[in-house]
Amino acid sequence: MAKQSKKDSLIEFKEKLKELAHLKSAFSVLHWDKEVYMPAQGNKPRAETLAYLSGELHQKFLSSKFKKLLEASKDRMAKGELTPEESAIVREVRREFERESKMPLEFVKELTRVTAEAHWVWAEARKKSDFRIFLPYLKKIVELKRKEAEFAGFKNSPYDALLDVYEPCATAEEISVILEELKQFLVPFLKKIQTSSRQINPQILKGNFSIEKQKEFGKLVLEKMGFSFEAGRLDTSTHPFTIAHHPYDVRITSRYDKNNLFYSLSSTIHEAGHALYEQGLLAENFGTPLGESVSLGVHESQSRVWENIVAKNKPFWRYFYPILQQKFKEPFQKISIDDFYPALNSVQPGFIRTEADEITYNLHIILRFEIEKALIEGTIAVENLPLIWNEKVKELLGLEAPNDAMGVLQDVHWSGGGIGYFPTYTLGNLYSAQFYETAKRDVLNLEDEIAAGEFGHFRNWLRKKIHIHGKFYRASDLVYNITGEKLNSRYFIEYLKKKYGEIYEL
Ligand code: CO
């Protein structure tokens, strides 16, 4: 009899999780609508609706009723009465619950208020290119984030506690080691590229491209990749993003530039990579951690493996270049694939992270990681940020930052309290190269298939190895299970060496 009631508590626990998931889906539809369709005046009321809903979610999650169900499930797990899947659900919900319940309500409210205000102040400061306008807010945010780390608790660095939200269980120490190795390779490699006698002109890819035709081409690529339009949409927004309400309803957006079709194409493919992960989660696990992605770094590996490793390499263009030439006769008809390919991959250090190539992108991330880790550990002062930023830009990219807008103020992340987020972009690159090498061993003739426009085996490999597991494994176990090694920088370094060694004849 007692056992029966315990079983019921597990069922009830899962039902409560599902209720939370329905609220989250409603929240995300409203958020998507805000970015894609909502008229300007809707901004304020929508912000209020979203704030109300997130308050409801928070309360429901931390309610004593939910806590009781979680405790009962934990007891059953301790007695070994749960299946491995049920245990993983309890493990992950408990992680989130414990972190959230350690944050005092007053603190959460203050962080929400400060970051909401800071967003507008940051936008203003960037417009005027004046860090001093943003300084008091950033100081406050760093202070609050250090408090958050204290509340959450940590062993070595307070940065670990912040990183944990985005890349569960990763530490500042291990990421520092991996990124330092990468930096030791990238800085001299970039110098070699810059002094190479091979001159590449990316301007040959510019033209006048009808946006309608760009959309058609993007859709064709998505269909080939296996993005399901029955379970997803592609729309337009200022900043491209992916949002999933359910594995059967995954929305992506892109943006368009009349003169540069690769501006939209690479974002479209990037977001579709994220979307395939979301569409690849099992619908039967919806509402539980088994129906959620494992970490931001692994999510980013899915976007980058498609955007860069697949779609910025030769096999992909062997199939798509003739189609591109057909669709956009001007200028591609007169450009051979041998001239097109290097132009698509030209390397040029610049100030702006989001416009960077595969090589310099990671230097932008290393710079941000070093700075935000030092800010949280308290070894540098917020006041000195523009100076420190400019020194690092010089050291890593060999450039003199012209102003704050193109330097320390360019990214939105810190204004929203997103400290610990940046390294997941480069982790995504590292995971993607490590996964792809394994896929090449597992999938016979993978690159011949890609060159024939066949992506099914590769997509299914990603799905089987990564997507369907949700959060069943931790990211570190997942990468070990799949590749037989811990995450490391070797595969990515080898990939860059080979590819850019050929392009720049090093
Ligand atoms: Co992404």
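**Close-up views of a predicted model**

**View 1. Asn 445 is exposed, at a relative accessible area of 51%.** A quick word before going on: everything you see in these views comes from a predicted model. Asn 445 counts as exposed because the cut-off for that label is over 50%. Look for this residue in the loop between helix H17 (423-442) and helix H18 (446-451). Its backbone has a little quirk: phi of Asn 445 is positive, about 50°, although the residue is not a glycine.

**View 2. Glu 505 has a positive phi too, near 50°.** Glu 505 is likewise a residue other than glycine. You'll find Glu 505 in the segment after H21. How accessible is Glu 505, and is it buried or exposed? With a relative accessibility of 56%, Glu 505 is exposed.

**View 3. Three residues hold the cobalt ion.** Which atoms do the job? The protein donors are NE2 of His 270, NE2 of His 274 and OE of Glu 300, and they sit 2.2 to 2.3 Å from the cobalt ion. Along the sequence, the donor residues follow the spacing H-x3-H-x25-E. The two histidines both belong to helix H10 (residues 261-280), where being 4 residues apart puts about one helical turn between them. Here's the handy rule behind that: an α-helix has 3.6 residues a turn, so residues three or four places apart point the same way. Both histidines are tucked away: His 270 is buried at 11% relative accessibility, and His 274 is buried at 10%.

**View 4. Arg 113 and Glu 110 make a salt bridge along helix H5.** Their closest N and O atoms are 4.0 Å apart. Why are these two about one helical turn from each other? They are 3 residues apart in helix H5 (residues 105-128), which means about one turn separates them. Both partners are partly exposed, Arg 113 with a relative accessible area of 47% and Glu 110 with 23%.

**View 5. Helix H6 has a salt bridge as well, between Glu 143 and Lys 140.** The N-to-O distance for this pair is 3.5 Å. Again we have partners 3 residues apart, about one turn of helix H6 (residues 131-152). Glu 143 is partly exposed at 45% relative accessible area, and Lys 140 is partly exposed at 27%.

**View 6. Glu 358 and Lys 499 form a salt bridge that links distant parts of the chain.** The N-to-O distance is 2.7 Å. Glu 358 lies in the loop between helix H14 (337-344) and helix H15 (360-377), while Lys 499 lies in helix H21 (residues 490-503), and the two are 141 residues apart in the chain. Are these partners buried or exposed? Glu 358 is buried at 8% relative accessibility, and so is Lys 499 at 5%. Elsewhere, salt bridges with shared partners tie Arg 91, Glu 92, Arg 95, Asp 164 and Arg 474 into one network. In total, the structure holds 45 salt bridges.

**View 7. Helix H3 has a buried face.** This helix covers residues 64-78, and its 15 residues reach 21 Å from the first C-alpha to the last, close to the 21 Å expected. Its buried residues are Phe 66, Leu 69, Leu 70, Ser 73, Lys 74 and Arg 76. Picture yourself looking down the axis of H3: the buried residues fall within an arc of 160°, so they line one face of the helix. On the other side, Ser 64, Lys 68 and Ala 78 are exposed. Just past the end of H3 comes Gly 80, with a positive phi of about 75°.

**View 8. Three strands make an open sheet.** What order do they take? It is S1-S3-S2, with mixed pairing. Strand S1 (232-236) and strand S2 (242-246) are the edges, each pairing on one side only. On average, neighbouring strands of the sheet are turned by 20° against each other, ignoring direction. S2 and strand S3 (residues 249-254) pair in the antiparallel sense, over 4 bridges. Spot Thr 242, which stands opposite Ile 252 in S3.

**View 9. A cis peptide bond sits between Glu 330 and Pro 331.** Omega of this bond is about 5°. Pro 331 is part of helix H13 (residues 329-332).

Key: Residues are numbered from 1 along each chain as its sequence is written. This is a predicted model: local features need pLDDT of at least 70, side-chain atom pairs count only at pLDDT 80 or more; totals for chains, interfaces and linings use all residues. Side-chain values use heavy atoms; hydrogens and water are left out. A salt bridge is a side-chain nitrogen of Lys or Arg within 4 Å of a carboxyl oxygen of Asp or Glu. Buried means under 20% relative accessible area, exposed over 50%, partly exposed in between (1.4 Å probe, protein chains only). The expected span of a helix is 1.5 Å times one less than its number of residues. The arc is that of the directions from the helix axis to the C-beta atoms. Donors are N, O and S atoms within 2.8 Å of the metal (3.2 Å for Na, K and Ca); water is not among the atoms, so sites may look incomplete. Two strands pair if DSSP finds at least two bridges between them. Axes are lines fitted to C-alpha atoms, for helices over the stretch in contact, and angles run from 0 to 180 degrees between N-to-C directions.
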